[in-house]
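Dear colleague,

I am handing over the structure we spoke about, and below it you will find what turned up when the ligand site, the cavities and the pockets were examined. Please read the notes with the model open beside you.

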Amino acid sequence: MNTIYLDNNATTQVAEEVLAVMMPYFREFYGNPSSMHTFGGQVGQKIRTAREQVAALLGAMPEEIIFTSCGTESDNAAIRSALMTRPDKKHIITSRVEHPAIRALCAHLATQGYRVTELPVDKNGLLDLENLGKSMTPDTAVVSLMWGNNETGVIFPVEAAARLAHEKGILFHTDAVQSTGKIPINLKNNVIDMLSISGHKLHAPKGIGVLYIRRGTKFSPFMIGGHQEKQRRGGTENTPSVIGLGKACELAAKNMEKENTYVARLRDKLERELLKRITQSRVNGDPANRLPNTTNISFEYVEGEAILLLMNELGICASSGSACTSGSLQPSHVLRAMGVPFTMAHGSIRFSLSINNTEAEIDFVIDKMPAIIERLRGMSPYWNSSQPACKTQ
Ligand code: PLP
């Protein structure tokens with residue numbers, strides 16, 4: 001059975017070109033990049049190149065790039081640094097739809113004497129900047145808002161939000177884990193102070209991330225140890241993955257426009273056809289402000305988990321809620337924040353595409369989904385069997 005992988009917001013396949021540049025750094029060039037000898041030094045040179053490649057994708061300077069172990073570490077490092085460098089300030093502003101890397105961290109910080117404001121979103125998952133303005137106080141240390149939502153793909157106006165924060169002298173961080181490589185980011189054109197990315201969301205390996213820190217921003221390290229990363233992140237670099245991430249960023253910079261046009265076309269076809277063929281289905285998230293690869297669709301009166309199981313039997317991989325929360329039957333916090341009705345929120349599926357998907361795969365999913373929903377609705381005590389679950393074509 002072929003796998004049809006539509007779960008690219010959970011993780012992506014490492015690109016062939018990325019794997020190829022990584023391989024020599026496991027066995028052939030295994031030196032420590034910090035070593036004095038040439039054998040290690042040559043690896044150090046490759047890390048410098050990777051730093052330039054990441055910086056180029058973000059419109060940043062190489063010295064503003066810190067390699068970390070993942071997006072979660074970058075998020076934690078950013079928020080903790082903001083709080084450590086502004087010890088007199090105890091207020092954090094974030095949103096109700098952040099990834100647990102921010103949300104759970106803020107919930108933890110709330111138990112440590114910090115005050116956390118989680119901004120609401122509207123029914124389309126959009127943020128009200130006026131609300132942000134009103135929430136900022138002289139006690140606010142940092143505003144952290146995600147650039148692209150992992151569940152719905154909704155894009156927040158983070159550049160405008162960063163300007164608002166700056167006007168009040170507040171630091172601004174964005175979790176750009178889902179948006180990097182999917183939409184253009186140019187940090188020269190905005191005042192974002194800190195930005196997190198994660199390798200495995202853009203065809204680099206798992207276990208590598210980046211924290212961007214704007215030059216001049218005070219930084220207090222999260223990982224204290226050796227002198228690596230100019231003493232901003234201790235620990236011997238994960239050299240093959242750093243080099244792989246550099247390549248992935250170079251590829252994203254080169255191919256983004258072309259790839260996104262392709263991916264968005266497939267996503268739009270999938271969405272359009274499913275909505276057309278399946279009654280009482282709807283898209284969650286603002287259609288105009290969305291990452292090009294993501295659609296989150298609710299099918300009323302069915303359980304997301306049950307849909308996933310039947311899709312899985314056909315080799316189709318997707319998510320209900322986010323990958324990190326799909327172990328529970330609670331409707332996703334993102335859909336709840338958007339006020340998606342309970343019967344809809346429970347039956348939501350996130351399809352997230354990549355350049356590796358083909359039109360034939362999308363056609364297969366379009367063909368199979370109506371029967372899956374019909375079968376489950378047939379078993380649902382809440383579904384009125386006098387209604388057709390699917391529209392006849
Ligand atoms: N932030 C967002 C928006 C994400 O989607 C994820 C992963 O799903 C993370 C942070 C965490 O990244 P990582 O898996 O690299 O820790």
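Thr-72 places a polar side-chain atom 2.6 Å from an oxygen atom of the ligand, and I should say at once that this distance, like every other value here, comes from a predicted model. Two further contacts of this kind can be followed on the screen: an N or O atom in the side chain of Gln-178 is 2.8 Å from an oxygen atom of the ligand, and a polar side-chain atom of His-99 lies 3.2 Å from a ligand oxygen. The ligand would expose 390 Å² if taken alone, and the protein buries 89% of that area.

Looking at the surroundings as a whole, there are 13 residues around the ligand, and those that come nearest are Thr-72, Asp-175, Gln-178, Ser-198 and Lys-201. By character, this shell consists of seven polar residues, three nonpolar ones and three charged ones. Helix α4, which covers residues 71–85, gives the most to the shell, with three residues.

Helix α4 also appears in the account of the enclosed spaces. A search of the whole structure finds two cavities of 30 Å³ or more, and the second largest of them has a volume of about 40 Å³. Its lining is made up of Ile-66, Thr-68, Glu-73, Ala-77, Leu-211, Phe-219, Phe-222, Met-223, Arg-232 and Arg-233, and the elements that give two or more residues to this lining are β2 (65–68) and α4. Six of the lining residues are nonpolar, three are charged and one is polar.

Turning to the open spaces, the largest pocket holds about 470 Å³. It is lined by 27 residues, of which Leu-202, His-203, Glu-259, Ser-354 and Ile-355 lie nearest its centre. The lining divides into 11 nonpolar, 11 polar and five charged residues. Helices α1 (16–22) and α9 (239–277) each supply at least two of these residues, and α9 gives the most, with eight. Which domains contribute at least three residues each to this lining? Both domain 1 (4–10 + 256–379) and domain 2 (17–252) do, so far as the assigned bounds go.

The second largest pocket contains about 350 Å³ of space, and of the 17 residues that line it, the closest to its centre are Ile-47, Arg-48, Arg-51, Glu-229 and Glu-237. Here the largest share of the lining, six residues, comes from α3, and both α3 (38–58) and α8 (228–231) supply at least two residues. This lining comprises eight charged, five polar and four nonpolar residues.

If you have time for a first look, I would begin with the side chains of Thr-72, His-99 and Gln-178, each of which has a polar contact with an oxygen atom of the ligand, and then move along α4, which contributes both to the shell around the ligand and to the lining of the second largest cavity.

With best wishes

Definitions and conventions:
Residues numbered from 1 in each chain as written. Predicted model: local features only at pLDDT ≥ 70, side-chain atom pairs only at ≥ 80, totals over all residues. Heavy atoms only, no water. Near = heavy atom within 4 Å. Polar contact = N/O pair within 3.5 Å; in protein donor to acceptor, adjacent residues only side chain to side chain. Areas by Shrake-Rupley, 256 points an atom, 1.4 Å probe, with all protein chains shown as cover. Helix = DSSP H or I, 4+ residues; strand = E, 2+ residues; numbered from the N terminus. Nonpolar A, V, L, I, M, F, W, Y, C, P; charged D, E, K, R; others polar. 1 Å grid on protein atoms, 1.4 Å probe; cavity = no way out; pocket = protein on both sides within 12 Å on 5 of 7 lines; lining within 4 Å. Points joined across faces, edges and corners; volume = space filled by probe spheres on them.
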